[in-house]
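Let's take a walk through a protein model together. Keep the sequence and the 3D view side by side as you read.

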Amino acid sequence: MSTSARPERSAPDRSVPDGSVLDGAPSAPALPDYSLAEVEVVTDPAVVKAIFDPSRGTLLESLLERAASVQELAAAVDRPKSTIAHHVKVLHDAGVSRIVRTRRVRGREEAFYGRTARLFAVGDVRLPPRRDEPGLFETAAKESAAAVEEDDLRGVTRYAWISPDRPRSSGSG
């Protein structure tokens with residue numbers, strides 16, 4: 001009876017690039033199975049909003065390891081496919097995720113999504129001015145135009161900004 005010597009299997013190298021070990025157990029660096037930029041600077045407020053939504057942030061973290069379909073993402077985060085499809089569409093429309101490959105499943109194309117960058121850095125975000133209510137300087141300028149023309153600019157103006165959804169009281173008590 002002959003015994004064949006099996007080669008010893010060595011455990012895969014699961015240490016992080018700098019050789020450190022987390023929580024006493026080696027772990028592999030998260031490397032996606034597709035190409036992506038190292039850093040993308042985000043300055044559009046809509047993109048920042050898309051990235052910082054908690055559900056979409058979780059999806060982006062999942063896509064850092066490997067590309068995934070909507071079905072795989074839904075199973076990973078235990079949420080309905082329709083909800084995940086919405087969030088993936090928002091990320092795709094914002095330009096922070098892209099289709100990295102497709103495959104044919106039961107007669108239709110299944111898309112696999114990946115991130116566009118390993119790290120998203122928020123740059124100088126400029127919010128557009130709100131036009132639904134006038135600014136303090138605009139209001140003051142309009143109210144003082146006549147006084148400026150008459151060279152009689154004096155007075156005190158007080159403002160109370162009450163949101164339209166706040167109920168009005170009809171009396172003092």
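We'll begin with the overall layout and then visit a few spots one by one.

First, a word of caution: what you're looking at is a predicted model. The protein chain is built from 5 helices and 4 strands. If you trace the chain from its N terminus, the elements come in the order β-α-α-α-α-β-β-β-α. The chain has 173 residues, and 22% of them count as buried. Now take the contacts between residues that are 6 or more positions apart: 59% of those link residues separated by 24 or more positions.

Now zoom in on helix α2, which spans residues 54-65. Just at its start, look for Asp53: one of its side-chain oxygens comes within 3.1 Å of the backbone nitrogen of Ser55. Further along, which residues of α2 are buried? They are Arg56, Gly57, Leu59, Leu60 and Leu63. These residues sit on the same side of α2, because they span an arc of only 160 degrees around its axis. It helps to remember that an α-helix has 3.6 residues a turn, so residues three or four places apart point the same way. Flip to the face turned away from that buried side, and you'll meet the exposed residues Pro54, Glu61 and Glu65. And what do the buried residues of α2 pack against? Their partners are the helices α1 (45-51), α3 and α4, together with the strands β3 (108-115) and β4 (117-122).

Follow the chain out of α2 and you reach Ser69, in the loop that leads to α3. Is Ser69 buried or exposed? Its relative accessible area is 1%, so Ser69 is buried. The side chain of Ser69 makes a polar contact with the side chain of Glu110, at 3.2 Å. If you skip neighbours within four places in sequence, Ser69 is in contact with Glu110, Ala111 and Phe112.

Next up is the pair of helices α3 (residues 70-77) and α4 (residues 81-94). Their axes come within 9 Å and cross at roughly 115 degrees, and the crossing is right-handed. On the α3 side, the contact is made by Val70, Gln71, Leu73, Ala74 and Val77, while α4 brings in Lys81, Ile84, Ala85 and Val88. Sort these contact residues by type and you get 7 nonpolar, 1 polar and 1 charged.

While you're at α4, find His87, which is part of this helix. With a relative accessibility of 11%, His87 falls under the 20% cut-off, so it counts as buried. Leaving out residues up to four places away in sequence, His87 touches Asp53, Ser55, Arg56 and Leu59. Two of these names should ring a bell: Asp53 and Ser55 are the pair from the start of α2.

Finally, let's look at two loop residues with a positive phi. Asp78 lies in the loop between α3 and α4, and its phi is near 55 degrees, a positive value in a residue other than glycine. Arg106 is in the loop between β2 (97-105) and β3, and its phi is near 50 degrees, again positive in a residue that isn't glycine. Are these two buried or exposed? Asp78 has a relative accessibility of 68%, so it counts as exposed. Arg106 counts as exposed too, because its relative accessibility is 86%.

Notes: Residues are numbered from 1 along each chain as its sequence is written. This is a predicted model: local features need pLDDT of at least 70, side-chain atom pairs count only at pLDDT 80 or more; totals for chains, interfaces and linings use all residues. Side-chain values use heavy atoms; hydrogens and water are left out. Axes are lines fitted to C-alpha atoms, for helices over the stretch in contact, and angles run from 0 to 180 degrees between N-to-C directions. A crossing is left-handed if the near helix is turned anticlockwise from the far one by less than a right angle, and right-handed if clockwise. Contact means heavy atoms within 4.5 Å. Ala, Val, Leu, Ile, Met, Phe, Trp, Tyr, Cys and Pro count as nonpolar, Asp, Glu, Lys and Arg as charged, and the others, Gly among them, as polar. Buried means under 20% relative accessible area, exposed over 50%, partly exposed in between (1.4 Å probe, protein chains only). A polar contact is a pair of N or O atoms within 3.5 Å; within protein, one must be able to donate a hydrogen and the other to accept it, and residues adjacent in sequence count only if both atoms are side-chain atoms. The arc is that of the directions from the helix axis to the C-beta atoms.
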